[in-house]
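Q: Please take a close look at the nonpolar core of this protein for me. I would like to see what builds it and what lies around it, with a few residues followed in detail.

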Amino acid sequence: MTLRIGLLATLRLLRAPSAAIGAAILALLLGAAATAGWLYPGDPLEMVGAPFTWPGSDAEFPAGTDLMGRDILAGLFHGARVSLLVGGASAAIALGIGLLVGAFAGYAGPRTDAVLMRVTELFQTVPSFLLAIVLVAILGPSLSTIIFALGVTSWTGIARLTRGEFIALREREFVRAAQALGAGHARIIFREILPNALPPIIVTTAVLVANAILSEAGLSFLGLGDPNVVSWGSMVGAGREALRTAWYMTALPGLTIMAAVLALNLLSDAINDALNPKLRRRTATAPAPAR
């Protein structure tokens, strides 16, 4: 039954135009990240041309050069590696923490739930981006530090969503049946309840990756990015000094960030529609408000 539902959701997802657009944009960005070392084997931070070369004015640098003479297109390709890596890895950390906290809070009982939710609320009292700035400033700006900081500051939404799903599912008939058959708590949590709670979590995870990409860009723009690698955010930060005279230095990486976030949001919307067809149908057939 679960396999059949998954196949139907996959077919609905493949037919969605937003899914096709989002997947195409994301595939282009992943392709750029995968081929960066082959197309641009040198150091993207190396000065290779005359500064302030505008896009289209030199065939050797199709996207132009920045104020230091670095190839902007090479930076975009190599920056795709860093930005997508930070987005995916930090989202994985947040997903792991959020799933564990939310699962145990929703399944273990009121006392454990109260303790874990108080911890979650404690993290929510401080803005996640501000806490990430503090952690990076204390631990030092490096790629691993940024991934860690963004991961441990963005798990609260996943935890609350998982808790709500577990509370709704733990009294269902299939859970009662597993308990009557003598299944252990770990099996019930990870084999019975969690697979049925995954659809909204998957949708939220796509948005989490997009938020992590934006947060990394914000950290790099503030000068808290890894100085040894190039990312889209660091390119935007480097180009702000010449924003009036050479706006393309910030516009091109900014458009790339926008494309990545748009692709992930389109995919999350399409996945949500595919996994919740009844909600989509009910919204589409709702009567118009009286005038």
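A: **The core and its surroundings**

Read from one end of the sequence to the other, the chain follows the pattern α-α-α-α-α-α-α-α-α-α-α-α. That amounts to twelve helices and zero strands, and please keep in mind that this is a predicted model. Of the 291 residues in the chain, 42% are buried. Among contacts between residues at least 6 apart in sequence, 73% join residues at least 24 apart.

Now to the part you asked about. The largest nonpolar core has 52 residues, and those with the most contacts inside it are Ile-72, Phe-166, Ile-193, Ile-213, Trp-232 and Ile-257. Seven helices each supply at least two of its residues: H2 (17-39), H3 (72-107), H7 (156-169), H8 (173-180), H9 (185-221), H10 (232-239) and H11 (248-275). The largest share, 13 residues, comes from H3.

Ile-72 makes a good starting point, as one of the residues with the most contacts inside this core. Leaving out residues up to four places away in sequence, Ile-72 touches Ala-63, Gly-64, Thr-65 and Asp-66, and also Met-235, Tyr-248, Met-249 and Leu-252. Apart from this core lies another, of 13 residues, including Val-136, Leu-143, Ile-146 and Leu-219.

Two of the residues just named lead us to Ile-133, whose place is in helix H5 (residues 128-139). Beyond its neighbours up to four places away in sequence, Ile-133 touches Leu-219, Leu-222 and Leu-224. Ile-133 and Ile-146 are 13 residues apart in sequence, with their C-alpha atoms 9.0 Å apart in space.

The annotation fits in here. For "transmembrane region", the UniProt record, an unreviewed entry, lists residues 20-40, 84-108, 129-152, 201-224 and 245-267. Two of these spans invite a side-by-side look. In the model, residues 129-152 are 88% helix and 0% strand, and the end C-alpha atoms of that span lie 11 Å apart. Residues 201-224 are also 88% helix and 0% strand, but here the end C-alpha atoms are 30 Å apart.

Next, let us follow Leu-208, which lies in helix H9. Leu-208 has a relative accessible area of 11%, so it counts as buried, the cut-off being under 20%. Setting aside neighbours within four places in sequence, Leu-208 is in contact with Ala-91, Ala-94, Leu-95, Ser-154 and Ile-158. The C-alpha atoms of Leu-208 and Ala-92 are separated by 9.2 Å, although the two residues are 116 apart along the chain.

Further along the sequence, Val-230 sits in the loop between H9 and H10. Despite this loop position, Val-230 is buried, with a relative accessible area of 9%. Not counting residues up to four places away in sequence, Val-230 touches Pro-44, Leu-45, Gly-75, His-78, Gly-79, Val-82 and Met-235. Val-230 and Leu-45 are 185 residues apart in sequence, yet 7.0 Å apart in space, C-alpha to C-alpha.

Leu-45 and Met-235 bring us to a pocket. Both are among the residues nearest the centre of the second largest pocket, together with Arg-70, Ser-234 and Ala-238. That pocket holds about 460 Å³ of space and is lined by 28 residues. By class, the lining has 14 nonpolar, eight polar and six charged residues. H3, helix H6 (143-152), H9 and H10 each supply at least two residues of the lining. H10 gives the most, with five residues. Met-235 is thus a handy landmark to keep in view: it is touched by Ile-72 and by Val-230, and it lies near the pocket centre.

Two phenylalanines round off the picture. Phe-174 has its place in helix H8, and it is partly exposed, with a relative accessible area of 27%. Beyond its neighbours within four places in sequence, Phe-174 is in contact with Leu-169, Glu-192 and Asn-196. The C-alpha atoms of Phe-174 and Glu-192 are 7.6 Å apart, and the residues are 18 apart in sequence.

Phe-52 lies in the loop between H2 and H3. Phe-52 is partly exposed as well, with a relative accessible area of 40%. The backbone here deserves a glance: Phe-52 has a positive phi of about 60°, although it is not a glycine. Most residues other than glycine have a negative phi.

Technical notes:
Residues numbered from 1 in each chain as written. Predicted model: local features only at pLDDT ≥ 70, side-chain atom pairs only at ≥ 80, totals over all residues. Heavy atoms only, no water. Core = buried A, V, L, I, M, F, W, Y, C linked by side-chain atoms within 4.5 Å. Buried < 20%, exposed > 50% of the residue type's maximum accessible area, 1.4 Å probe, protein only. Helix = DSSP H or I, 4+ residues; strand = E, 2+ residues; numbered from the N terminus. Contact = heavy atoms within 4.5 Å. UniProt positions renumbered as here; feature names shortened; annotations may be inferred. 1 Å grid on protein atoms, 1.4 Å probe; cavity = no way out; pocket = protein on both sides within 12 Å on 5 of 7 lines; lining within 4 Å. Points joined across faces, edges and corners; volume = space filled by probe spheres on them. Nonpolar A, V, L, I, M, F, W, Y, C, P; charged D, E, K, R; others polar.
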